[in-house]
Amino acid sequence: MARVGLTTERLVRAGADLADEVGFDQVTVSALARRFDVKVASLYSHVKNSQDLKTKIALLALEELADRAADALAGRAGKDALTAFANVYRDYAREHPGRYAAAQFRLDPEAAAASAGGRHAQMTRAILRGYDLTEPDQTHAVRLLGSVFHGYVSLELGGSFSHSAPGTQETWSRILDALDATLRNWPAP
């Protein structure tokens, strides 16, 4: 087997591509070695095991998603920011289903602290400041948005909405309208 110029970054990106093709759960060091036509042992100088590979793919996905969200949010506020942010998540999940699944991967506390997860939380809270929410309502709203975005995208990717009208884009737009209205009229405790 020939050497193929392996680096950790190259392996992680190839693992992310593999996740998009076959599903994040199917990504292993063995599957990646087959992709490069190398022995599994040759990858262990770059990744410790499949768990480490999956962690690195999750960190990549979180970084990519945060970068896209930051670009989309620049100069936006209120409903415009909410819509841009939501669309980034939906579009990323549709373009990169394996990476999106990786972004949901449970990280150990050290990896989580070093991840772009904090950027996601900061951007969400920045959007919510435009709705004048304070704690603890801001935390409740962060959880609401995350639940709705992830829930809708997961159901859509699974084909749950493909059997009936109206189309998914129309529903998505109406959901964003409803979220905006909910955030503008957040109930008092």
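## Charges and overall build

In this chain, the 22 positive and 23 negative charges have mean positions that lie 4 Å apart. The model behind this value is a predicted one, so please read every number here as computed from predicted coordinates.

The fold is built from nine helices and zero strands, so listing the elements from the N terminus simply gives α-α-α-α-α-α-α-α-α. Along its principal axes, the C-alpha trace spans about 65 × 40 × 30 Å. The accessible surface of the chain is about 10,100 Å², and carbon and sulfur atoms account for 52% of that surface. Of the 189 residues, 41% are buried. When contacts between residues at least 6 apart in sequence are considered, 69% of them join residues at least 24 apart.

## Salt bridges between helices

Let us turn to the charged pairs. Side chains of opposite charge can pair when their charged atoms come close. How many salt bridges does the chain have? The count comes to 16.

One of them joins the side chains of E64 and R13, with N to O at 3.4 Å. E64 belongs to helix α3 (residues 50–73) and R13 to helix α1 (residues 8–22), so this pair ties together parts that are 51 residues apart in sequence. R13 is partly exposed, at 37% relative accessibility.

A second bridge links R99 with D17, and here the closest N and O atoms are 3.2 Å apart. Because R99 sits in helix α5 (residues 97–103) and D17 in helix α1, the pair ties together parts that are 82 residues apart in sequence. Is R99 buried or exposed? With a relative accessibility of 5%, R99 falls under the 20% limit and therefore counts as buried. Its partner D17 is partly exposed, with a relative accessible area of 34%.

## A bridge within one helix, and a network

D52 and K56 also form a salt bridge, with 3.1 Å between the closest N and O atoms. This pair stays within helix α3: the two residues are four apart, which means that about one helical turn separates D52 from K56. D52 is buried, at a relative accessible area of 13%, while K56 is partly exposed, at 25% relative accessibility.

Which residues are joined into one network by salt bridges that share partners? They are E9, R13, D17, D20, E64 and R99.

## L32, a buried leucine in α2

L32 is part of helix α2 (residues 29–36). Why does L32 count as buried? Its relative accessibility is 0%, and buried means under 20%, so L32 meets the criterion.

Leaving out residues up to four places away in sequence, L32 touches L11, A14, G15, L18, L43 and L53. For A14, there is also a C-alpha distance to report: the C-alpha atoms of L32 and A14 are separated by 7.4 Å, although the two residues are 18 apart along the chain.

## S115, a buried loop serine

S115 is found in the loop between α6 (109–114) and α7 (117–129). Despite this loop position, S115 is buried, with a relative accessible area of 15%.

What does the side chain of S115 reach? It comes to 3.0 Å from the backbone nitrogen of G117. Setting aside neighbours within four places in sequence, S115 is also in contact with L59, L62 and L107.

## Backbone features worth a look

Most residues other than glycine have a negative phi, and most peptide bonds are trans. Here are some places to inspect with that in mind.

Two peptide bonds to proline are cis. One joins E135 and P136, with omega about 0 degrees, and P136 lies in the loop between α7 and α8 (137–157). The other runs from A165 to P166, again with omega near 0 degrees, and P166 lies in the loop between α8 and α9 (168–184).

Positive phi values appear at two aspartates. D37, which is not a glycine, has a phi of about 55 degrees, and its place is in the loop between α2 and α3. D132 likewise has a positive phi, near 55 degrees, and is found in the loop between α7 and α8. D132 counts as exposed, with 67% relative accessibility.

Key: Residues numbered from 1 in each chain as written. Predicted model: local features only at pLDDT ≥ 70, side-chain atom pairs only at ≥ 80, totals over all residues. Heavy atoms only, no water. Buried < 20%, exposed > 50% of the residue type's maximum accessible area, 1.4 Å probe, protein only. Polar contact = N/O pair within 3.5 Å; in protein donor to acceptor, adjacent residues only side chain to side chain. Contact = heavy atoms within 4.5 Å. Areas by Shrake-Rupley, 256 points an atom, 1.4 Å probe, with all protein chains shown as cover. Lys, Arg positive; Asp, Glu negative; His and termini not counted. Charge placed at Lys NZ, Arg CZ, Asp CG, Glu CD. Salt bridge = Lys/Arg side-chain N within 4 Å of Asp/Glu carboxyl O.
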